[in-house]
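Okay, thanks for coming, everyone. I'll put the structure up and walk you through it piece by piece.

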Amino acid sequence: MTALSYLVIIFGYLALLLFIFGIIYRAWRWNRLPQGFSWGLFPKPTRWVVTSMLWKILAWPTLFKADRLLWAGALFFHLGLLVLFAGHLGSFIDIASLGERIGIPSESSYVIGITAGTIVAITILFYISRRLFIRRSSEISVFADHFWLWVLLVVVLVGIYSRVFHEVSSDAVRDFALSVVAFNPALPPQNFWFLMHVLLSEFFIIYAVIGKPIHLVGQLFTQYILVSEEGS
Ligand code: HEM
């Protein structure tokens, strides 16, 4: 188990480094692409531009018009991820007491986590089946489209399995996570399924930076350009 622990720590730092530099690099590279016209042409972001950008980024009205089922699936997928992300902040801060202060009892963290995880797993299966069984989608799907979905599904399923059958103490996870960010890594909790969950998620993060899934940065830039043009 110690070898697995070292892998978790080494790949953890690698994922963190790649994540930070990967995002900066992608934004920089995107910005260097030929734009066709000068940045100087863009109007200042008005309140209308910002509201319209937020609406398009958060509610995906174009997707709603084109494919309501996919829109609903994507909505559940991203909401589930958001809840999981909030729950995972518990690996760094005492989120249970923060939750209690806003009226979420700490005992409900289990139900919330498992429900959000299950929703994410089901929506990933929905994405996978579209790519496999709907001809129009399968024709335009490449290996990378399938690969990241399967990796994320395994990360989520191992996370759920670990939480249900081999729950680790959140204090022990927090001690470990904080030691890592303080660059003085302690050994992680010696729980095989937890370690596999973290290692696989680190692979996913590394793949997300090098491969396809990070689209948030591009979304912000693209929506800014589109909405600015509509408003001018
Ligand atoms: C792509 C990234 C990740 C995804 C999608 C993900 C997803 C999940 C899911 C669905 C669960 C089960 C429900 C829950 O307890 O919330 C879970 C549990 C858990 N995750 Fe993650 N996770 C990710 C990354 C990480 C990382 C980097 C850590 C490192 C600290 C981590 C720590 C945990 C812990 C401690 C649990 C509870 C496991 C247990 O009690 O045995 N996760 N995760």
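Let's start with two helices that face each other. On the H4 side we have Gly73, Phe76, Phe77, Gly80, Leu81, Val83, Leu84 and Gly87, and they meet Ser109, Ile112, Gly113, Ala116, Gly117, Ile119, Val120, Thr123, Phe126 and Tyr127 in H6. Sorted by class, that contact of H4 with H6 comes to 11 nonpolar residues and 7 polar ones, with no charged residues. If you want to find the pair on screen, H4 is residues 68–88 and H6 is residues 108–133, and their axes come within 8 Å of each other, crossing at roughly 145°. The crossing of H4 and H6 is left-handed.

Now let me step back. What you're looking at is a predicted model, so please keep that in mind throughout. How many helices and strands does the protein chain have? It has 11 helices and 0 strands. Reading from the N terminus, then, you go through α after α until the chain runs out. The chain has 232 residues, and buried ones make up 12% of them. As for who touches whom, take the contacts between residues at least 6 apart in sequence: 78% of those join residues at least 24 apart.

On to the ligand. Around the ligand there are 23 residues, and the closest are Gly113, Gly117, Gly159, Ser162 and Ser201. Which elements give two or more residues to that shell? They are H4, H6, helix H8 (143–165), helix H9 (170–181) and helix H10 (192–210). So we're back with our opening pair: H4 and H6 are both on that list, and Gly113 and Gly117 in H6, which meet H4, are among the closest residues to the ligand. The largest share of the shell comes from H8, though, with 6 residues. By class, the shell has 11 nonpolar, 10 polar and 2 charged residues.

Let me stay with H9 for a minute. With 12 residues at 1.5 Å a residue, H9 should span 16 Å, and its end C-alpha atoms are indeed 16 Å apart, so the two agree. Inside H9 sits Ala177. Is Ala177 buried or exposed? It's buried, because 20 other C-beta atoms lie within 10 Å. Setting aside its neighbours within four places in sequence, Ala177 is in contact with Ser91 and Phe92. There's also Pro188, which is 11 residues from Ala177 in sequence and 8.1 Å away in space, C-alpha to C-alpha.

Just after H9 we reach Phe183, with a positive phi of about 55°. That's a positive value in a residue other than glycine. Phe183 is in the loop between H9 and H10, and it counts as exposed because it has 7 C-beta neighbours inside 10 Å.

Last stop: Trp60. Here phi is near 45°, again a positive value in a residue other than glycine. You'll find Trp60 in the loop between helix H2 (47–59) and helix H3 (61–66). Trp60 has 16 C-beta neighbours inside 10 Å, so it counts as partly exposed.

That's my tour. Happy to go back to any of those spots on the screen.

Notes:
Residues numbered from 1 in each chain as written. Predicted model: local features only at pLDDT ≥ 70, side-chain atom pairs only at ≥ 80, totals over all residues. Helix = DSSP H or I, 4+ residues; strand = E, 2+ residues; numbered from the N terminus. Contact = placed C-beta atoms within 7 Å. Axes fitted to C-alpha atoms, helices over the stretch in contact; angles between N-to-C directions. Left-handed = near helix turned anticlockwise from the far one by under 90°. Nonpolar A, V, L, I, M, F, W, Y, C, P; charged D, E, K, R; others polar. Near = placed C-beta within 6 Å. Expected span 1.5 Å × (residues − 1).
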